[in-house]
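Here is my note on the model you sent. Please read it with the structure open.

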Amino acid sequence: MDIENDSAIINSCNSPGGQMMEILFSEPTADKPGTLKPTKVETSLTKEAIQAKLKEAEGRRKSYELSRIEQVEKHLAHQKVVIENQEKQNVEFMKKAEEENKARMMKIQKNREAIIAEGKLQAEENERKLREVLERAARLKQQQGDGAASNAVNGNEETE
């Protein structure tokens, strides 16, 4: 078919968006060849040929099934390996977390014991200082009592 004989392109005008074209097709004619006819397929197969084709199809089907089974087995094996690795990582993580937790607990326990010991030392120090203050107060009282008695004997009583 010759495109130039069947159609014509006319440049109508230029527009801001580009060129606008008008295509004119010629009218269909009856002398053109029709659609292609399918080639004839040999339909007269013998029984042996049909049996051979059936065997080939069965072989292809079995081959396909075997390949699918092999793919599924590979997939299952891979999943098993992945699950084993995941379980191993989980066990390792749990051990590590447990060790870290024990270490933190030991540190907290040591800090607590240190704080308690420091508190006891401070309490003992405070008690010692309190005893010293009480002893000084008792001595001062005793000295004031002795001083007042000696002043009374000398005749020098102080009035408050």
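The points below go from the whole chain to single side-chain contacts.

1. Status of the model. This is a predicted model, so the confidence values come first. The mean pLDDT of the chain is 84, and 74% of its residues reach 70 or more. Among the elements, helix α1 (residues 3-6) has the lowest mean pLDDT, 49, while α2 has the highest, 93.

2. Architecture. Two helices and two strands make up the secondary structure of the chain. Read from the N terminus, the order of the elements is α-β-β-α. Helix α2 covers residues 47-154, and the contacts in points 5 to 7 lie in helix α2.

3. Exposure of the chain. How many of the 160 residues count as buried? The share is 1%. The chain exposes about 15900 Å², and 56% of that area is supplied by carbon and sulfur atoms.

4. Nonpolar surface patch. Which residues form a nonpolar patch on the surface? They are Leu45, Ile50 and Leu54, and together they have about 260 Å² of accessible area. Of these, Ile50 lies in helix α2. Ile50 counts as partly exposed because its relative accessibility is 39%, which falls between the cut-offs of 20% for buried and 50% for exposed.

5. Glu65 and Arg61. The structure holds six salt bridges, and three of them are described in this note, beginning with the one between the side chains of Glu65 and Arg61, at 2.9 Å from N to O. These residues are four apart in helix α2, so about one helical turn separates them. Glu65 has 38% relative accessibility and therefore counts as partly exposed. Arg61, with a relative accessible area of 40%, is also partly exposed.

6. Lys102 and Glu98. Another salt bridge joins the side chains of Lys102 and Glu98, at 3.7 Å from N to O. Both residues lie in helix α2, and their spacing of four residues is about one turn of the helix. Is Lys102 buried or exposed? At 52% relative accessibility Lys102 counts as exposed, because the cut-off for that class is over 50%. Its partner Glu98, with a relative accessible area of 46%, is partly exposed.

7. Arg128 and Glu132. The side chains of Arg128 and Glu132 meet in a salt bridge at 2.5 Å from N to O. Here too the partners are four residues apart in helix α2, so the separation is about one helical turn. Arg128 counts as partly exposed because its relative accessibility is 34%. Glu132 has a relative accessible area of 30% and is therefore partly exposed.

8. A shared network. Elsewhere, salt bridges that share partners join Glu58, Arg61 and Glu65 into one network. The contact between Glu65 and Arg61 in point 5 is a salt bridge between two members of that group.

Notes. Residues numbered from 1 in each chain as written. Predicted model: local features only at pLDDT ≥ 70, side-chain atom pairs only at ≥ 80, totals over all residues. Heavy atoms only, no water. Patch = residues over 30% accessible without salt bridge, like charges linked within 9 Å, V, L, I, M, F, W, Y side chains within 5 Å. Areas by Shrake-Rupley, 256 points an atom, 1.4 Å probe, with all protein chains shown as cover. Salt bridge = Lys/Arg side-chain N within 4 Å of Asp/Glu carboxyl O. Buried < 20%, exposed > 50% of the residue type's maximum accessible area, 1.4 Å probe, protein only. pLDDT = per-residue confidence, 0-100.
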